[in-house]
Amino acid sequence: MTYSHPNSMSGHVAIVTGAAQGVGKGVAAALLERGASVLLTDIQDEKLADTTGELKALGPAESLVADLRDPESGQRIAAAAVDAFGAVHGLVNNAIATNEPKSFVNITLEDFALGHDVGPRATFLLMQAVHPLMVKAGGGSIVNLGSGTGTGGEPKWGGYATAKEGIRGLSKVAALEWGRDNIRVNVICPFAESDGVKFWKSFAPKEYEKAVGRVPMKRIGDVHTDVGALVAFLLGSDATFITGQTIHVDGGIGSFR
Ligand SMILES: NC(=O)c1ccc[n+]([C@@H]2O[C@H](COP(=O)([O-])OP(=O)(O)OC[C@H]3O[C@@H](n4cnc5c(N)ncnc54)[C@H](O)[C@@H]3O)[C@@H](O)[C@H]2O)c1
């Protein structure tokens, strides 16, 4: 049993970061199939081109290769969306990068900086870049990606957890400041079978099985139909009075923390 409103996003222009694969690709697909125009951006050029080519079958999709560690990339991405589609109404800060998990005392400054540069710093800079565009459009909606690893904590993921909670902090502040501009900011924390999770599963199969076993709904989420559908709801016109929230879309695994 599936449900998707085919026109709920028509007239909306959205940017999705980290869209070459995983959750970002699933989100872009869900937005496109509901009628949005989407700028997909990622650091992986070939994969981004393949994904964009594939998703063009669903609707107007354009792409931009950008490294979010570059502080200029936020302005470049926002400008590319305007060039492609004339406006920006939605932003999904989805990209993340991490080194391998390490116990707290072994996390290096480099590990820490990677997650923070691609996570909260890039999220912050892109939000600054799209703010005037959303004001011009009469409002907008931003979905930032948090994690149950941040909201609940998780051994060996110290740098990642702080990056994700940093994103939640800045999301709450922007929600408070930008409500008057009709710009909503929410955070989602997924548990879904992305490429990143498949990679984690390959080196930690037992932890993966344990994590899936703890999910009350006894399965891992789908990046498109579970996570993408929630993002489409939050970016669209059915969620016009929802802001400042964190929603776990994880089958219940992190909802009771
Ligand atoms: N999949 C899950 O279960 C899960 C759980 C909790 C949180 N999340 C969050 O969801 C988001 C997506 O996760 P995912 O599992 O799809 O990850 P993923 O690793 O499959 O995808 C991440 C994407 O970000 C891109 N990226 C990495 N560094 C970049 C850079 N410097 N510049 C631009 N793009 C860059 C990668 O190329 C990749 O396409 C992340 O923010 C993650 O923290 C996912």
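## A tour of the ligand shell and the cavity

Start with the shell around the ligand: by class, this shell has 14 nonpolar, nine polar and five charged residues. Keep in mind as you click that this is a predicted model.

Next, select the residues that come nearest to the ligand. Of the 28 around it, these are Asp 42, Asn 94, Tyr 160, Lys 164 and Ser 194.

Now colour the helices. Three of them, α1 (22–33), α6 (158–178) and α7 (195–203), each supply at least two residues of the shell around the ligand. The largest share, three residues, comes from α7.

Time to turn on distances. Pick Val 23, where a polar backbone atom is 2.8 Å from an oxygen atom of the ligand. Then go to Ala 192: a backbone N or O atom there lies 2.8 Å from a ligand oxygen. For a side-chain partner, choose Asp 67, which has an N or O atom 2.9 Å from a nitrogen atom of the ligand. Switch to a surface view here: on its own the ligand has 830 Å² of accessible area, and the protein covers 90% of that.

Last stop: how many cavities of 30 Å³ or more does a search of the whole structure find? The search finds one, with about 130 Å³ of space in it. To centre your view, select Asn 99, Glu 100, Asp 111, Gly 159 and Tyr 160, the closest to the cavity's centre of the 15 residues that line it. You have met Tyr 160 already, among the residues nearest the ligand. Show α4 (109–136) and α6 as well, since each supplies at least two residues of this lining. By class, the lining has six nonpolar, five polar and four charged residues.

Notes. Residues numbered from 1 in each chain as written. Predicted model: local features only at pLDDT ≥ 70, side-chain atom pairs only at ≥ 80, totals over all residues. Heavy atoms only, no water. Near = heavy atom within 4 Å. Polar contact = N/O pair within 3.5 Å; in protein donor to acceptor, adjacent residues only side chain to side chain. Areas by Shrake-Rupley, 256 points an atom, 1.4 Å probe, with all protein chains shown as cover. Helix = DSSP H or I, 4+ residues; strand = E, 2+ residues; numbered from the N terminus. Nonpolar A, V, L, I, M, F, W, Y, C, P; charged D, E, K, R; others polar. 1 Å grid on protein atoms, 1.4 Å probe; cavity = no way out; pocket = protein on both sides within 12 Å on 5 of 7 lines; lining within 4 Å. Points joined across faces, edges and corners; volume = space filled by probe spheres on them.
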